[in-house]
Amino acid sequence: MSQRNGWHGWVGMSSVLLCLAIGLIGCRRGEIADEGGDAARGTPVAGLPEDANQIIQERGLTPDDVAAAVATYTPSGKMDEYIMFASGGHSGQVLVIGLPSMRLLRSIAVFTPEPWQGAGFGVRESPFHTEGDPPIGRKHLTWADTHHPALSETNGDYDGQFLFINDKANARLAVIDLRDFETKQWVVNPVVNNNHGSTMVTPNTDYVVEGSQYAVPLGLKYAPLDKYQEQYRGLMTFWKFDRAKGRIDPAQSFAIELPPYWQDLADSGKIASDGWVFQNSFNTEMATGGIESGNPPFEAGASQRDMDYLHAINYRAAEKVVADGKCAEINGFRVIPLATAVSEGVLYFAAEPKSPHGVDVCPCGKHIVVSGKLDPHVTVYHIDKIKEAVAKKDFEGNDPFGVPILRFDAVKEAQVEIGLGPLHTQFDAQGYAYTSLFLDNAVARWSMGDCKYKAPEGAWKLVGTTPVHYNVGHISAAEGDTVDPDGRFLVALNKWSVDRFVNTGPLLPQNLQLLDTSRPGDRFPVIYDMPLGNAEPHYAQIMKADKLKTWEVYPDVGWDPLSQVKSETAPMKGAIRRNGDAVEVDMIAIRSHFEPEHVQVRQGQKVKWTITNMERTIDATHGFCIPSYNIEASLEPGETVTIEFVAEKEGVFPFYCLEFCSALHLEMVGYLLVEPASN
Ligand code: CUK
Ligand code: CUA
């Protein structure tokens, strides 16, 4: 089963870089495809009805296939036990998937127009009609690169209330309320214009963490690249979350200036490491690229050093700095200057090998696991050792910006050789950690030491690997980044699917593979392949579905989902009011009509059109559209929406319901009559 091929030690940077760039698919495909053995195909399974065995034979299924089918098949009417929230990558959305069936339950419109949910086509609740749009330093944005969803936590465990997601490309965060699975808030970073170590939450969701990635001049300013070391910087932002309001409060938020390395993923400490945030970095070389001018390209320039810096950020110390008023302000946002972060004990570094990507804190919070893309080990740090080294000033020096570097051997707990291209780590309740191996196309299972749970194999050992298909990025275990992981299931989010699905053209789906991790030992097989043909999920989080307290219909008729209260002005009956050139349309929608059905305006008039869906029946959603006006909405039971537009186009526009809501759905229609201004 093992995909390990006897590779030991360092094979030289250039060949690893090459492998990293191209993956190892070519040389591993055949090997993987044969795995499981053809001999077992069609073998009858004892005790199964004859017709079942006939299907097994006709479809050429192995006993393992049958076991996988039984483990994942979810009969009609049965619910999934877990719910997975996956980022949508550059689709800008969040995808919701049930486990173990791997059925797509819905997408959540976050940053990108999405017509089914009526997001972005004239309705106020869409991200494109919020305050501050266009956001500072950006044009009006209609896409995003979402990477890391984060469920809200209470005492380090998912509480099922909120979900956060970042936009790497534009340094934005969004807040989703899990009572209705809709996006409520979009915040934009006023100091930097990209992020990556984001979103992560602190154990009680006091803060939503946003680490920048590519260094830029702070404040969204210009500076030439030859001023890189002087003027470019990284940033770690702590967005204060107000749980009662369900909103991030920018006025209570702050950020910490970081050196111009490229900070990567981050994770919040918990229990033993509560009060700390850890973040990787690469390009501590501070390479500035320029292949066209004969400079080393970024991929080489940023990979020269054997070690980069794990950032250990004491945000309780940072809070104190902020409370003491020792912040600067950049574009109205509080930023702790780098020198202050150093002098006040907010920021420490520890060496980490080499071009790291993932950093993950274990369930008990003592261990911080780092994977270097170009190093075959995971490196484990211990929080007690970090705290001790800080207290004793056990430094091996300072970086060029004065940041103290904790002595590596003083803070390192263990290194475990697990395979090539390690990226991201998750945990289970058997004492195992799992790390994705991008280059080996595999998931490694290895044993933790002195953690909340103890693996039977003892501490810090590679236990086994399972091949996945192919180029795995993140992995997500059930509640696998909380204080209380479930394990049982793990999803490998594979970037390439190559030979797994019917060819639908040169743009291939992602392959989300479900692994059964419920038993100890070296066997934790793939039991389902889910093609995802509309997104590139990076990270995902998997939560027990019974933690959700989601509404079936909105609590009251006339509900405003953006403020999550009943709107005072929601129409309860049809009416049209006119005041000069302003027309206000109050409309209700109920199976199977709108009221009013005739809306007559003059060309050029300003129309404010508010609709309430009067339904109290689960799933009785109505749609609404005004063709030619690019106006479209979804009205869930009880919801009220407001649409504002100028009636620029003369003509007759049948507005209608978009959801086949009843037998007389096609009759759920009306006419907008726009009389020409010249009449
Ligand atoms: S990243 Cu994509 S595979 Cu943005 Cu978390 Cu590692
Ligand atoms: Cu309402 Cu169709």
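Let me begin with a term: a residue is called buried when its relative accessible area is under 20%. With that in mind, what share of the 679 residues in the protein chain is buried? In this model, which is a predicted one, buried residues make up 59% of them.

Turning to the overall form, the C-alpha trace spans about 80 × 75 × 50 Å along its principal axes, and the radius of gyration is 27 Å, which agrees with the value near 26 Å that a compact globule of 679 residues would have. The secondary structure comes to 10 helices and 46 strands, and, among contacts with a separation of 6 or more, 62% are between residues 24 or more positions apart.

The domain assignment gives domain 1, made of 191–288, 308–362 and 404–412, and domain 2, which covers 566–675; the C-alpha centres of domain 1 and domain 2 lie 47 Å apart.

As for the interior, the largest nonpolar core has 34 residues, and M236, F238, F254, I256, I336, V346 and L347 are those with the most contacts inside it. Helix α7, residues 315–323, supplies the largest share of this core, namely five residues. Looking at I336 in particular, and leaving aside residues up to four places away in sequence, we find that I336 touches F254, A255, I256, E257, A318, V321, V322, C327 and A341. A second, separate core has 28 residues, including V585, A589, A647 and M668.

Finally, which residues are around ligand 1? They are H147, H148, H196, L265, H357, H424, G473, H474, K495 and H538, and this shell divides into one nonpolar, eight polar and one charged residue.

How values were computed: Residues numbered from 1 in each chain as written. Chains lettered and ligands numbered in written order. Predicted model: local features only at pLDDT ≥ 70, side-chain atom pairs only at ≥ 80, totals over all residues. Heavy atoms only, no water. Core = buried A, V, L, I, M, F, W, Y, C linked by side-chain atoms within 4.5 Å. Buried < 20%, exposed > 50% of the residue type's maximum accessible area, 1.4 Å probe, protein only. Helix = DSSP H or I, 4+ residues; strand = E, 2+ residues; numbered from the N terminus. Contact = heavy atoms within 4.5 Å. Near = heavy atom within 4 Å. Nonpolar A, V, L, I, M, F, W, Y, C, P; charged D, E, K, R; others polar. Domains from an automatic or database assignment. Rg over C-alpha atoms; globule rule 2.2 N^0.38 Å.
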